[in-house]
Amino acid sequence: MTTTRPRGWLRTDRSLRRFDDVRDLLPDIDNPSPIVRLTRVLSDLDLGLFLKLEWMNPFGSLKDRTAAYLIDGLRDRGELDGKELIEASSGNTAIALAALASLAGTRLTTTIPDGVPEEKKIILRMLGAEVWETPDDLCPADNPKDGAIALARALAASEGGLRFAATEQYENQDNVRAHYQTTGPEIWRQTEGEVRWFVAAYGTTGTIVGAGRFLKDMNPSITVVGVEPEPGHRLPGMKSFKEARVPGIHDPDVIDQTIVVSDESAYRVTKDIWRREALMVGPSTGAVVHAVSEMGAAPGDVIVAMSADSGVKYTSYFEDILGEEGKPQI
Amino acid sequence: MSTDKLIDRHDVSDNPMEDLDCSGLLCPLPVYKAAIVLGRLHHGDLLRLITTDPGALEDVPAMARQRGDRLVSVSVADGHQTFILEKGSLQ
């Protein structure tokens, strides 16, 4: 005898961590990415320092939020209809867009800078994306460090503009809105309004502008700190505005301080976080935590720093900094 | 109106030639595609690249310099630019 199950049987129930669709796992105020206190790294400063672990999101980074809002925005404006997506990305936005594009019945073409690790390129191709590797200095007549962005725009304009819908994360306010409506409210709720510092790396600036703006709307005395790499850096996802164009969505009025961090400092702190906190973060998290040590927070201050993604996509970079470390010394 | 500019007098008339038509494509797509094709060619092989974006007049010579290829000639006629490039030995 067969039993007829009622419609809605065993459907999504977040309280049980049961989901009909991976998109139900995307973070929001009711399903926030976790914040975890650092109790060993920078312990001498006696801070209430929390990392917001964006790599717990379903596609592995804080860009899950951005990608979902970019696609929803295109769809709501009627710009997606039957088109493929195109985006310039250092990998994480592209990964989330490629996954969501597949679920939406379309496909992503992405232009990515030269230095992006192989791991990310393979992940993108596994997700069905077409990957155009792009030297930063591809277009000498345009901005010298933004070859991937220039190539994405050229592709978007090709074929009469009919093939591609450009998500344009550097110019699109949906990127800022994603963090204003999800990241910021999550942090406010998770810290019960006690957050005094918000720290995030510069990339598209969507995170720092969106979440920073929300937090300042809730409490204008919150200090928003941007973390910038040095020119010629090797910190994926981050941008030095001494060599890259400032994104159209950037709003300097939201930022109180900018701290420049060297690759050496960022990778040293990243390794420290792996080994002392057992958090397998990516290099930009090391940069952000190093900046926390320099920004002038007082003992007891509650700080939320963004951990944009995990380190598992950067093992080839870590191999370079490890050298012979961890191998048998015989 | 047509303008021709012989960049290099080195005789390449017998070298194998490949064609790449990038008409209608905006920079940097022509240099991106040209770099891929040049990467497949052998030292001394030629590429005839046709473009319509005026930005190519700056980007293609810069690309050739960066890659170590030789820009043999450039001609401009009827809104099209035709570049002859010789694959260098550095790549």
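**View 1. Strands β4 and β5 of chain B form an antiparallel pair.** In this predicted model, β4(B) covers residues 70–77 and β5(B) covers residues 80–86, with 7 bridges joining the two. Look for B:V76, whose bridge partner in β5(B) is B:Q81. The two strands make a hairpin with 2 residues between them. Check out B:D78 in this hairpin, where phi is positive, near 50°.

**View 2. Strands β2 and β3 of chain B pair in the parallel sense.** Here residues 17–22 make up β2(B) and residues 46–51 make up β3(B), and 6 bridges hold the pairing. To get your bearings, find B:M17, which sits opposite B:L46 in β3(B). Helix α1 of chain B, residues 29–40, joins the two strands in a β-α-β unit, and that unit is right-handed.

**View 3. The largest nonpolar core counts 111 residues.** Among those with the most contacts inside the core are A:L97, A:F198, A:V199 and A:I303. Both domain 1 (30–57 + 177–315) and domain 2 (63–166) of chain A supply at least three residues to this core. Nonpolar side chains tend to be buried together in soluble globular proteins.

**View 4. A:V199 has plenty to touch.** Leaving aside residues up to four places away in sequence, A:V199 touches A:V225, A:V227, A:V288, A:A291, A:V292, A:I303, A:A305 and A:M306. Of these neighbours, A:V227, A:V288, A:I303 and A:A305 are also listed with A:V199 as having the most contacts inside the core.

**View 5. Chain A meets chain B.** Each chain brings 11 residues to the contact. On the chain A side, 9 of them are nonpolar, 2 are polar and none is charged.

Notes. Residues are numbered from 1 along each chain as its sequence is written. Chains are lettered from A and ligands numbered from 1 in the order in which they are written. This is a predicted model: local features need pLDDT of at least 70, side-chain atom pairs count only at pLDDT 80 or more; totals for chains, interfaces and linings use all residues. Two strands pair if DSSP finds at least two bridges between them. Helices (H or I, at least four residues) and strands (E, at least two) are DSSP runs, numbered from the N terminus. A crossover is right-handed if, with the strands pointing away from the viewer, the path from the first strand over the helix to the second runs clockwise. A nonpolar core is a set of buried Ala, Val, Leu, Ile, Met, Phe, Trp, Tyr and Cys residues joined through C-beta atoms within 7 Å. A residue is buried if 20 or more other C-beta atoms lie within 10 Å of its own, exposed if 12 or fewer, and partly exposed in between; C-beta atoms are placed from the backbone. Domain bounds come from an automatic or database domain assignment. Two residues are in contact if their C-beta atoms, placed from the backbone, lie within 7 Å. Ala, Val, Leu, Ile, Met, Phe, Trp, Tyr, Cys and Pro count as nonpolar, Asp, Glu, Lys and Arg as charged, and the others, Gly among them, as polar.
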